[in-house]
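Here's a short set of exercises to work through with the model open beside you. Try each task before reading its solution.

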Amino acid sequence: MEQTKYSNRTVWIHWLSAFLIFGLIFTGIKMEHQTVSEGKFLLYRIHFLLGNIVFILTIIRIIALFKDSRPVNLYTETSFREKFRQWVYNGFYVIIIWMSISGILSLSLEGILPALQSSQWTDLPEINEDGFHPIMLSHHIISKMVFLLLIFHLGGFLLHLIQEKENTLKRIWFN
């Protein structure tokens, strides 16, 4: 029998991660141009917490890739569309792992971690784009790739829905 859906574990991780990633995007954009304040401090704390949860979920999902069965490919293995789909799919893992690692490193390199540990927003350093550590700068730049991958991901879903008249959402939806 042909596999038509992802495992329940993968489905749960996918949607929980998606929800949390939108929270990361929101907090990241909101705090990007704020000056040091109690509000920015709270956003850092939320962003850090959500980022760590997404990091752990991504590691679990990567492990699940090797253990759980997956649905058959939508396109033939050698087609451009399947190769592009795989590039987007794998790109998410690479980007999320790098965003997590660079985010954690940036907390120390930019002096944010001591402020989070002290629980005093006044300990938060003033950081501007000109003074970013290269790791923080990469975190900032690569975050734009998340938007590009999201556009490709959603665009692929819509393109398949329109051209093939098939709702691929059912492959990654709850039973």
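**Exercise 1: Charges**

How many positive and negative side chains does the protein chain have, and how far apart do the centres of the two sets lie?

Keep in mind that you're looking at a predicted model. Start with the count: there are 15 positive side chains and 13 negative ones. Then take the centre of each set, and you'll find the two centres 10 Å apart.

**Exercise 2: The overall build**

Describe the fold of the protein chain, starting from its secondary structure.

Step one is the element count, which gives five helices and zero strands. Step two is the order along the sequence, and that reads α-α-α-α-α. Step three is the extent: along the principal axes, the C-alpha atoms fill a box of roughly 60 × 30 × 25 Å. Step four looks at contacts between residues at least 6 apart in sequence; 77% of these join residues at least 24 apart. Finally, the surface: about 10,700 Å² is accessible, with 69% of that belonging to carbon and sulfur atoms. Of the 175 residues, 38% count as buried.

**Exercise 3: Buried or partly exposed?**

Sort H160, F48 and I101 into buried or partly exposed.

Take H160 to begin with. Its relative accessible area is 2%, so H160 is buried, since buried means under 20%. Next comes F48, which has 32% and is therefore partly exposed. Last, I101 sits at 33% relative accessibility, so I101 counts as partly exposed too. Both of those values fall between the 20% and 50% cut-offs.

**Exercise 4: Neighbours**

Place H160 and F48 in their helices, then list what each one touches, skipping residues up to four places away in sequence.

H160 belongs to helix α5, which covers residues 134-164. With sequence neighbours up to four places away left out, H160 touches L74, Y75, K165, E166 and T168. F48 is found in helix α2, residues 38-67. Under that sequence filter, F48 touches L107 and L116. For a sense of distance, go from F48 to L158: these two are 110 residues apart along the chain, and their C-alpha atoms are separated by 32 Å.

**Exercise 5: A nonpolar patch**

Which residues make the nonpolar surface patch of about 310 Å²?

Start from I101, which lies in helix α3, residues 80-109. Then add its partners in the patch: W98, L105 and L109. Together with I101, they make a patch of about 310 Å².

Key. Residues are numbered from 1 along each chain as its sequence is written. This is a predicted model: local features need pLDDT of at least 70, side-chain atom pairs count only at pLDDT 80 or more; totals for chains, interfaces and linings use all residues. Side-chain values use heavy atoms; hydrogens and water are left out. Patches are made of residues with over 30% relative accessible area and no salt bridge: like charges are joined within 9 Å, nonpolar side chains (Val, Leu, Ile, Met, Phe, Trp, Tyr) within 5 Å. Accessible areas come from the Shrake-Rupley method with a 1.4 Å probe; for residues, only the protein chains shown count as cover. A salt bridge is a side-chain nitrogen of Lys or Arg within 4 Å of a carboxyl oxygen of Asp or Glu. Helices (H or I, at least four residues) and strands (E, at least two) are DSSP runs, numbered from the N terminus. Buried means under 20% relative accessible area, exposed over 50%, partly exposed in between (1.4 Å probe, protein chains only). Contact means heavy atoms within 4.5 Å. Lys and Arg count as positive and Asp and Glu as negative; His and the chain ends are not counted. The place of a charge is taken as NZ of Lys, CZ of Arg, CG of Asp or CD of Glu.
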